[in-house]
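Trainee: Please choose one part of this model for a close look, and then set that part in the context of the whole chain. I would like the cut-offs spelled out as you go.

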Amino acid sequence: MAILQTVDFHEVELLVREAATLFGDDAAAAHITAKGRADFVTEVDLAVQRTLCGKLAERYPMIQFMGEEKDNREIDFERPVWILDPVDGTTNLIHHFPENCISLALAEQHEVVAGMIYNPWMEELFFAAKGQGAFLNEKPIHVSDSAALADSLVSVGTTPYSHEYADSVFSQIKNVFLRAQDIRRLGSAAMDLAYVACGRVDAYFEQFLKPWDFAAGMLIVREAGGEVTDYRGKPISPECPQPVLATNGKIHEELIKVLDLE
């Protein structure tokens, strides 16, 4: 975690907050390109990524940059790397639905060591550094204490870019819905993870996520006392796409069993 000692995260926070002012550019948000089914990029995504990539490279030239809107084949996870989703919840942004955010993680030697998620609409900034706890607007946060799925509110993702998974995805969601108190669908993986970390929901799962979707949130949940794995309880890596299950820890094993019922 030597890289943590070289980064001024108060400065990084200011850069993220400044970049997030671009979310309010309605004309840029309306300039949409389809990358695939239900997968869009706007000029806001591109502008946020350009802004943060340039300013982070200027201040921390020793750290690589992995972003959703670029070719990342050159990334070497043996070395430090920023992992950015410039707008997590682009479809929400297009529809003026305020569950969207900037998600920025820092990884070193294959491990996420810092994570920041900022929702400018709610002015909420979630942050964690490995071994230092998790925070919302500088106040400590913790996962919920719900001990049973029946008493839990669970956030779900529908893997909207891959409709071939629809049958299995909605079968799993149904299985959880029938056993949980209720479910929610926010449309932003990073916000879902942040909400697990601060106890607004007790768990979140999605069958297929990219590293920039979950890297920051994964660490924030863990530092808040929760657990993040794949659907079988195995560790996940910021290097490749995979299924993600995040919980308060107390209902983790129960959810793994329910997700395996399909």
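**A helix and its surroundings**

Mentor: The buried residues of helix α6 are Ala-189, Ala-190, Met-191, Asp-192, Leu-193, Ala-194, Tyr-195, Val-196 and Ala-197. Here buried means under 20% relative accessible area, exposed means over 50%, and partly exposed covers the range in between, with a 1.4 Å probe and protein chains only. Since nine of the nine residues of α6, which spans residues 189-197, are buried, the helix is largely enclosed by the rest of the structure. Helices (H or I, at least four residues) and strands (E, at least two) are DSSP runs, numbered from the N terminus. After α6 comes Gly-199, with a positive phi near 85°.

Please keep in mind that this is a predicted model, in which local features need pLDDT of at least 70 and side-chain atom pairs count only at pLDDT 80 or more, while totals for chains, interfaces and linings use all residues. Residues are numbered from 1 along each chain as its sequence is written, and side-chain values use heavy atoms, with hydrogens and water left out.

The start of the helix meets Asp-88, a residue of strand β4 (residues 81-88). A polar atom of the Asp-88 side chain lies 3.0 Å from the backbone nitrogen of Ala-189, and the side chain of Asp-88 also reaches the backbone nitrogen of Ala-190 at 3.0 Å. Asp-88 is buried yet has no salt bridge (a side-chain nitrogen of Lys or Arg within 4 Å of a carboxyl oxygen of Asp or Glu). The nearest side chain of opposite charge, that of Arg-185, is 8.6 Å away; in this count Lys and Arg are positive, Asp and Glu are negative, and His and the chain ends are left out. Beyond four places in sequence, the residues in contact with Asp-88 (heavy atoms within 4.5 Å) include Glu-99, Asn-100, Ser-188, Met-191 and Asp-213.

Asn-92, in helix α4 (residues 90-94), is buried as well, at 11% relative accessibility. Leaving out neighbours within four places in sequence, Asn-92 is in contact with Phe-97, Glu-99, Asn-100, Leu-186, Gly-187 and Ser-188.

For the wider setting, the protein chain has eight helices and 14 strands. Its radius of gyration, taken over C-alpha atoms, is 17 Å, close to the 18 Å that the globule rule (2.2 Å times the number of residues to the power 0.38) gives for 262 residues, so the chain is as compact as a globular protein of that length. Of those 262 residues, 56% count as buried, and among contacts between residues at least 6 apart in sequence, 62% join residues at least 24 apart.

Elsewhere in the buried part, Met-116 belongs to strand β6 (residues 111-119) and has a relative accessible area of 3%. Its contacts beyond four places in sequence include Phe-9, Val-12, Leu-104, Phe-127 and Ile-220. Ile-102, 14 residues from Met-116 along the chain, has its C-alpha atom 8.0 Å from that of Met-116.

The loop between β8 (134-136) and β9 (139-140) holds Asn-137, which is partly exposed at 35% and, although not a glycine, has a positive phi of about 50°. Glu-138, found in the loop between β8 and β9, is exposed at 61% and has a positive phi of about 75°, again without being a glycine.

Key: A polar contact is a pair of N or O atoms within 3.5 Å; within protein, one must be able to donate a hydrogen and the other to accept it, and residues adjacent in sequence count only if both atoms are side-chain atoms.
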